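Work through the exercises below with the sequence and the model at hand, and try each task before reading the solution that follows it.

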Amino acid sequence: YTKMATVSLGFNIDSPRWDQSTFVGRLKHFLNITDPRTVLVPEEELDRAKALVESCRAGLVPPGSSEEQLLYAKKLYDSAFHPDSGEKMNLIGRMSFQVPGGMAITGCMLQFYRTVPAVVFWQWVNQSFNAFVNYTNRNAASPISLRQIGVAYVTATGAALATAVGLNLYTKRAPPLLARWVPFAAVAAANCVNIPMMRQQEIINGITVTDENNNELGCSRRAAVKGIAQVVLSRITMAAPGMIILPVIMERLEKFNFVQRIRVLHGPLQVLLCGGFLLFMVPAACALFPQRCSLALADLEPELRDSIVAKHGDKVPYVYFNKGL
């Protein structure tokens with residue numbers, strides 16, 4: 001990047017390639033940036049992609065760069081760097097790692113659900129993974145202390161274990177299929193605890209809201225609650241098909257003699273099938289709600305609403321904020 005030149009590319013590198021007001025447009029966007037192949041990209045290439053994106057934002061690009069190269073650099077940037085802070089995210093917490101990481105853990109949770117020690121171990125592994133993901137994808141404008149992270153981790157893990165172990169014991173005499181659905185119930189319960197706890201500072205202090213031109217208007221707790229609720233629903237949706245449908249598939253398959261003879265392959269088979277579900281469900285769940293979330297002015301806290309009206313009159317009917325992932 002030593003030979004920089006001002007180049008008019010005719011496009012804004014930060015402008016979405018697809019319409020983010022529609023589910024299909026958001027799905028295409030997240031299929032692009034949650035591509036699991038990006039986790040294999042070397043750190044040096046990610047850093048070069050960030051440098052190129054920042055250069056484009058400044059109106060400078062290396063001579064000879066093609067639009068395809070710029071879009072690929074933006075894909076790498078979006079997959080590995082936080083949208084608020086611009087800092088490189090830890091590998092395990094990136095949404096592009098959800099497929100390889102999630103398929104391994106989910107497959108093992110679905111395979112090893114019969115004994116309490118196995119349930120405890122795999123739920124603990126899953127909550128540790130979720131803690132990385134939730135912390136990495138929080139709204140970076142709201143800092144959280146190590147103590148709060150620890151409390152969130154312990155609380156969510158406790159909720160998952162209590163749900164899983166309790167239901168596991170309760171379903172001992174129930175049909176086998178119900179026992180196979182216990183991991184999903186535990187994951188859903190933990191998500192309802194883990195995400196709000198990990199992002200509690202946003203609920204306590206509020207998150208920054210802006211007008212449609214990204215001018216800051218103040219901080220809103222109600223915006224934080226809406227964003228976090230959408231993230232919780234997205235995460236549960238992400239896990240649901242694989243953890244609800246896959247047990248039905250395995251229940252049917254295990255009735256065949258040839259499947260019973262290869263029990264050693266049941267675990268790897270469930271891991272691969274989980275990967276198939278997650279390849280689609282990770283971007284689909286992320287696309288359920290716009291990343292740049294909106295809230296009507298009338299739904300804000302009275303003091304913030306009055307402040308905005310006093311400064312801008314009726315020119316700001318909606319406020320906008322990053323809901324996180």
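**Exercise 1.** Determine in which helix Ala162 lies, and decide whether Ala162 is buried or exposed.

*Solution.* In this predicted model, Ala162 belongs to helix H6, which covers residues 146-170. The relative accessible area of Ala162 is 53%, and since the class "exposed" begins over 50%, Ala162 is assigned to that class. As a further step, one can relate Ala162 to Arg37: the two residues are 125 residues apart in sequence, and their C-alpha atoms are 35 Å apart in space.

**Exercise 2.** Describe the division of the chain into domains, and characterise the interface of domain 1 and domain 2 by its buried area and by its salt bridges and polar contacts.

*Solution.* Begin with the bounds: the domain assignment gives domain 1 as residues 23-80, and domain 2 as two segments, 95-207 and 218-291. The contact between them draws 12 residues from domain 1 and 16 residues from domain 2. The centres of the two domains, taken over C-alpha atoms, are separated by 29 Å.

Next comes the area. Between domain 1 and domain 2 about 1,100 Å² is buried, and carbon and sulfur atoms give 75% of that area. On the side of domain 1, Arg26, Phe30 and Thr34 supply 46% of the area buried against domain 2, which is more than any other three residues supply.

Then turn to the specific pairs. Across this interface the rule finds 0 salt bridges, whereas it does find 3 residue pairs in polar contact. Helix H1, residues 23-33, gives the most to the side of domain 1 that touches domain 2, contributing 6 residues. By residue class, that side of domain 1 consists of 7 nonpolar, 3 polar and 2 charged residues.

**Exercise 3.** Which acidic residues form salt bridges with Lys88, and what parts of the chain do these pairs tie together?

*Solution.* The search of the whole structure finds 9 salt bridges. In one of them, the side chains of Glu43 and Lys88 meet at 2.7 Å, N to O. Glu43 lies in helix H2 (residues 43-57) while Lys88 lies in the loop between helix H3 (67-80) and helix H4 (98-111), so this pair ties together parts that are 45 residues apart in sequence.

A salt bridge also joins the side chains of Asp47 and Lys88, at 2.9 Å, N to O. Because Asp47 lies in helix H2 and Lys88 in the loop between H3 and H4, the pair ties together parts 41 residues apart in sequence. To complete the picture, compare accessibility: Glu43 has a relative accessible area of 38% and is partly exposed, Lys88 is partly exposed at 31%, and Asp47 counts as partly exposed at 39%.

**Exercise 4.** Locate the two partners of the salt bridge between Arg221 and Glu303, and name the residues that salt bridges with shared partners join into one network.

*Solution.* The side chains of Arg221 and Glu303 meet in a salt bridge of 3.7 Å, N to O. Arg221 is in helix H10 (residues 221-253) and Glu303 is in helix H13 (residues 302-312), so that the pair links distant parts of the chain, 82 residues apart. Arg221 is partly exposed, with a relative accessible area of 37%. The network made by salt bridges that share partners consists of Asp14, Arg57, Lys74 and Asp78.

**Exercise 5.** Decide whether Lys75 and Asn322 are buried or exposed, and find a side-chain partner for each of them.

*Solution.* Lys75, placed in helix H3, has a relative accessible area of 12% and is therefore buried, the limit for that class being under 20%. The side chain of Lys75 is joined to that of Asp35 by a polar contact of 3.0 Å. When neighbours within four places in sequence are left aside, Lys75 is in contact with Asn32, Ile33, Asp35, Arg37 and Thr38.

Asn322 is found in strand E6, residues 318-322, and at 14% relative accessibility it too counts as buried. The side chain of Asn322 makes a polar contact of 2.5 Å with the side chain of Gln291.

**Exercise 6.** Where is Asn214 found, and what is the sign of its phi?

*Solution.* Asn214 is found in the loop between strand E3 (207-210) and strand E4 (216-220), and it is exposed, with a relative accessible area of 54%. The phi of Asn214 is near 70 degrees, a positive value in a residue other than glycine. Most residues other than glycine have a negative phi.

Key
Residues are numbered from 1 along each chain as its sequence is written. This is a predicted model: local features need pLDDT of at least 70, side-chain atom pairs count only at pLDDT 80 or more; totals for chains, interfaces and linings use all residues. Side-chain values use heavy atoms; hydrogens and water are left out. Domain bounds come from an automatic or database domain assignment. Contact means heavy atoms within 4.5 Å. Buried area is the accessible area (1.4 Å probe) that two parts lose on being put together, summed over both. A salt bridge is a side-chain nitrogen of Lys or Arg within 4 Å of a carboxyl oxygen of Asp or Glu. A polar contact is a pair of N or O atoms within 3.5 Å; within protein, one must be able to donate a hydrogen and the other to accept it, and residues adjacent in sequence count only if both atoms are side-chain atoms. Helices (H or I, at least four residues) and strands (E, at least two) are DSSP runs, numbered from the N terminus. Ala, Val, Leu, Ile, Met, Phe, Trp, Tyr, Cys and Pro count as nonpolar, Asp, Glu, Lys and Arg as charged, and the others, Gly among them, as polar. Buried means under 20% relative accessible area, exposed over 50%, partly exposed in between (1.4 Å probe, protein chains only).
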